[in-house]
Amino acid sequence: MSAKSKSYATQISDAQVMCAGLKSHIESLRKRGITDEFITSLNRTLSNVIEKNNEQEKLKANLKAATAALEALMTDLNGIMTEAVKVVKLDTPKEQWKEFGIIAKR
């Protein structure tokens, strides 16, 4: 399975399990090139990934909150614009509607 097809959480969990396994079997794995430095590098990279993932999740939450605030403001704007268009159409000759950004439909 490709790393791209796994979720970040799964990849992080897999790396944590791998790190623990490497640490507990370091003596037998040394002959294959696994060193304390390798495990330290894996741990450091894993910590950086966890930190960046947490930052990304916080940004996602902030984006959702900002989107909800924008949607609420857009609802308010649409209501005010609807009222403004009604007033302009009632009080202004059709020929002047374009001055208010209203395209004559009737």
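**Arg30, salt bridges and helices**

Trainee: Arg30 first. Is Arg30 buried, partly exposed or exposed?

Mentor: Arg30 counts as partly exposed, because its relative accessibility is 36%. Keep in mind that this is a predicted model.

Trainee: Where is Arg30 found?

Mentor: In the loop between H2 and H3.

Trainee: And how far apart are Arg30 and Val88?

Mentor: In sequence, 58 residues. In space, 81 Å from C-alpha to C-alpha.

Trainee: OK. What does Arg30 form a salt bridge with?

Mentor: With Asp36. The closest N and O atoms of that pair are 3.7 Å apart.

Trainee: Does 3.7 Å fall within or outside the salt-bridge cut-off?

Mentor: Within. The cut-off is 4 Å between a Lys or Arg side-chain nitrogen and an Asp or Glu carboxyl oxygen, so the 3.7 Å between Asp36 and Arg30 qualifies.

Trainee: Is Asp36 buried, partly exposed or exposed?

Mentor: Partly exposed, with a relative accessible area of 41%.

Trainee: How many salt bridges does a search of the whole structure find?

Mentor: Five. Let me take you through two in helix H3. Glu55 pairs with Lys52, and their closest N and O atoms are 3.2 Å apart. Lys60 pairs with Glu57, at 3.3 Å between the closest N and O atoms.

Trainee: Start with Glu55 and Lys52. How many residues apart are they?

Mentor: Three, with both in helix H3. That spacing is about one turn of the helix.

Trainee: What is the relative accessible area of each, Glu55 and Lys52?

Mentor: Glu55 has 37%, so Glu55 is partly exposed. Lys52 has 51%, so Lys52 is exposed.

Trainee: Why does 51% make Lys52 exposed?

Mentor: Because exposed means over 50% relative accessible area, and Lys52 has 51%.

Trainee: Now Lys60 and Glu57. Where do they lie?

Mentor: Both lie in helix H3. They are three residues apart, about one turn of the helix. Lys60 is partly exposed, with a relative accessible area of 40%. Glu57 counts as partly exposed too, at 38% relative accessibility.

Trainee: Which residues do salt bridges that share partners join into one network?

Mentor: Glu27, Arg30 and Asp36.

Trainee: New topic, the helices. How close do the axes of H1 and H3 come?

Mentor: Within 10 Å. The two axes cross at roughly 155°. That angle makes H1 roughly antiparallel to H3.

Trainee: Why is that the right term for H1 and H3?

Mentor: Because angles over 145 degrees count as roughly antiparallel, and the axes of H1 and H3 cross at roughly 155°.

Trainee: Is the crossing of H1 and H3 left-handed or right-handed?

Mentor: Left-handed.

Trainee: Which residues does H1 cover?

Mentor: Residues 8-24. Ser13 is in helix H1. Ser13 is partly exposed, with a relative accessible area of 35%.

Trainee: How far is Ser13 from Leu46 in space?

Mentor: Their C-alpha atoms are separated by 9.7 Å. Along the chain, Ser13 and Leu46 are 33 residues apart.

Trainee: Back to loops. Where does Thr35 lie?

Mentor: In the loop between helix H2, which is residues 26-29, and H3. Thr35 is partly exposed, at 30% relative accessible area.

Trainee: And how far are the C-alpha atoms of Thr35 and Lys23 separated?

Mentor: By 9.5 Å. Thr35 and Lys23 are 12 residues apart along the chain.

Trainee: Last one, the surface. Which residues make the nonpolar patch?

Mentor: Leu70, Met74, Leu77 and Met81. The patch is about 370 Å².

Trainee: Where does Met74 lie?

Mentor: In helix H3, which runs over residues 36-91.

Trainee: And is Met74 buried, partly exposed or exposed?

Mentor: Met74 counts as partly exposed, because its relative accessibility is 38%.

Key:
Residues numbered from 1 in each chain as written. Predicted model: local features only at pLDDT ≥ 70, side-chain atom pairs only at ≥ 80, totals over all residues. Heavy atoms only, no water. Patch = residues over 30% accessible without salt bridge, like charges linked within 9 Å, V, L, I, M, F, W, Y side chains within 5 Å. Areas by Shrake-Rupley, 256 points an atom, 1.4 Å probe, with all protein chains shown as cover. Helix = DSSP H or I, 4+ residues; strand = E, 2+ residues; numbered from the N terminus. Buried < 20%, exposed > 50% of the residue type's maximum accessible area, 1.4 Å probe, protein only. Axes fitted to C-alpha atoms, helices over the stretch in contact; angles between N-to-C directions. Parallel < 35°, antiparallel > 145°, perpendicular 65-115°, else oblique. Left-handed = near helix turned anticlockwise from the far one by under 90°.
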